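User: Please take a close look at a single part of this protein, one helix of your choice together with whatever packs around it. I should like one connected account, with each term defined where it is used.

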Amino acid sequence: MSYIGPKDFSEDTNLIAEVMRVMSGDLNLEWMKDCPHAMTARPSQARRGLTLDDINDDPYYGPSAIPEIIRRHFSMTPRGGVLPEGLPSLGYRLNRKSDVWADSATVLFEESKSRRWAPARSVPWDALDEASLSSEEDVAIRQLCTGLTSIGLVSTDVPSRWVWLMNQDFHEIKYWMCAQMFDATRLAEAFRKRALYGQGALGCDSRELGELLKIIMESDTYPLASAALNLTLFSFVQSLGRRFEFSSTNAADTYLGTRLVQDASRFIAYGVDHIRQLVGTRPSQVEIVNDHLDLVENGLVGYLGSRELIEPLIVLSGGVESVAAFYRRAAEQYFERCIAAGLGERQDRSPLPAFLKLLDS
């Protein structure tokens with residue numbers, strides 16, 4: 001049911017009387033006297049302009065003022081604004097700072113805007129007309145693009161499931177999550193266009209990829225969803241971008257691969273920083289996150305072994321050994337990031353090493 005306000009404002013005689021007094025020139029300007037704190041905000045570096053970190057420099061408005069648990073502010077008021085009595089609660093459920101926070105989010109948000117690109121015009125699509133691809137290689141690339149399109153679309157869904165539940169005091173994280181949604185949408189757009197360019201077609205969906213994405217999307221909490229999406233999935237998406245670029249024979253695919261790596265790197269940076277700050281504040285979360293990643297990595301093994309992914313990679317690489325080496329390097333980087341995030345060594349509990357050993361046998 002839609003929310004119904006506490007009164008009929010069009011019939012509120014007190015409100016109407018106040019409006020009539022104001023319109024007759026009787027201004028009390030009380031709101032001018034309520035400004036509790038003024039600050040000086042200037043760009044610290046002119047070429048970057050006025051950044052979020054510039055306006056967070058004052059402790060009153062900056063994130064250092066946010067307590068670990070927010071208990072008194074559930075309205076729409078921006079952090080640092082005056083809170084009059086009677087503000088409605090918007091029902092936020094994510095009110096613990098360590099559940100969402102990463103100091104790097106402000107920089108990542110600014111970077112996502114400064115490095116924006118537009119698939120329609122930024123990608124040199126004409127280069128595909130001269131690409132020297134065999135028919136098998138052409139279909140293999142379109143198959144990879146089909147999977148990347150699915151990943152991009154679901155990667156918009158995951159932040160959107162949580163951002164509206166997040167307290168307004170965490171606005172930097174909300175900004176960043178909206179930027180993530182736009183970045184993921186752009187990846188879905190770009191790789192769908194790549195699959196269909198020219199005499200193109202989308203490839204076959206993968207049941208295993210669907211299972212992996214469902215595990216991530218239905219994570220029980222935001223920290224678990226963040227670890228699964230940003231740390232695990234995008235570690236491999238970034239590696240796939242490097243592989244896409246490595247296999248490229250034309251400027252269009254090279255551009256797409258480099259941009260996939262660039263955009264995926266921001267997801268990873270937030271994921272590592274977020275989980276590191278989470279477990280640094282609440283060490284009991286280490287095992288909870290690791291338990292969830294056990295499930296996510298099981299889904300990842302399914303995707304890495306699916307014919308819809310591994311076979312096009314083999315076609316483009318010319319052999320199984322090259323793909324096995326690619327998977328091995330991607331897993332090594334992922335495990336290093338888990339350590340950087342404070343989760344410790346995961347190799348002994350992860351199903352990935354056994355899967356990689358199977359490929360080598």
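Analyst: The expected span of a helix is 1.5 Å times one less than its number of residues. Helices, numbered from the N terminus, are DSSP runs of H or I with at least four residues, while strands are E runs of at least two. The structure is a predicted model, in which local features need pLDDT of at least 70 and side-chain atom pairs count only at pLDDT 80 or more, whereas totals for chains, interfaces and linings use all residues. Numbering starts from 1 along each chain as its sequence is written, and side-chain values use heavy atoms, without hydrogens or water.

The part chosen is helix H14, residues 320–340. Its 21 residues should span 30 Å, and the end C-alpha atoms of H14 are indeed 30 Å apart, so the two values agree. After H14 comes Gly 342, which has a positive phi near 90 degrees.

Many residues of H14 are buried (under 20% relative accessible area with a 1.4 Å probe and protein chains only; over 50% is exposed, and in between is partly exposed). The buried residues of H14 are Val 323, Ala 324, Phe 326, Tyr 327, Ala 330, Ala 331, Gln 333, Tyr 334, Phe 335, Arg 337 and Cys 338. The cover over them includes H10, H11 (251–281), H12 (285–305), H13 (307–317) and H15 (352–360).

Of these partners, H10 (residues 222–247) packs on H14 at an angle of about 140 degrees, and the axes of the two helices lie 10 Å apart. Such axes are lines fitted to C-alpha atoms over the stretch in contact, and the angle, from 0 to 180 degrees, is taken between N-to-C directions. H10 and H14 are therefore oblique to each other; angles under 35 degrees count as roughly parallel, over 145 as roughly antiparallel, 65 to 115 as roughly perpendicular, and the rest as oblique.

On the H10 side, the residues in contact (heavy atoms within 4.5 Å) are Leu 231, Thr 232, Ser 235, Phe 236, Gln 238, Ser 239, Leu 240, Arg 242 and Arg 243. On the H14 side they are Ser 322, Val 323, Phe 326, Ala 330, Ala 331, Gln 333, Tyr 334, Arg 337 and Cys 338. By class, this contact of H10 with H14 holds nine nonpolar, six polar and three charged residues; Ala, Val, Leu, Ile, Met, Phe, Trp, Tyr, Cys and Pro count as nonpolar, Asp, Glu, Lys and Arg as charged, and the others, including Gly, as polar.

H10 also packs against H9 (residues 207–217), at about 135 degrees and with axes 8 Å apart; H9 and H10 are thus oblique to each other. Here Leu 212, Leu 213 and Ile 216 of H9 meet Ala 225, Ala 228, Leu 229 and Leu 233 of H10. The contact of H9 with H10 comprises seven nonpolar residues, with no polar and no charged ones.

Leu 240, which takes part in the contact of H10 with H14, leads further to Leu 148. Beyond its neighbours within four places in sequence, Leu 148 touches Phe 191, Leu 240 and Leu 260. Leu 148 belongs to H7 (residues 135–163) and counts as buried because its relative accessibility is 4%. Although 44 residues separate Leu 148 from Arg 192 in sequence, their C-alpha atoms are 8.2 Å apart.
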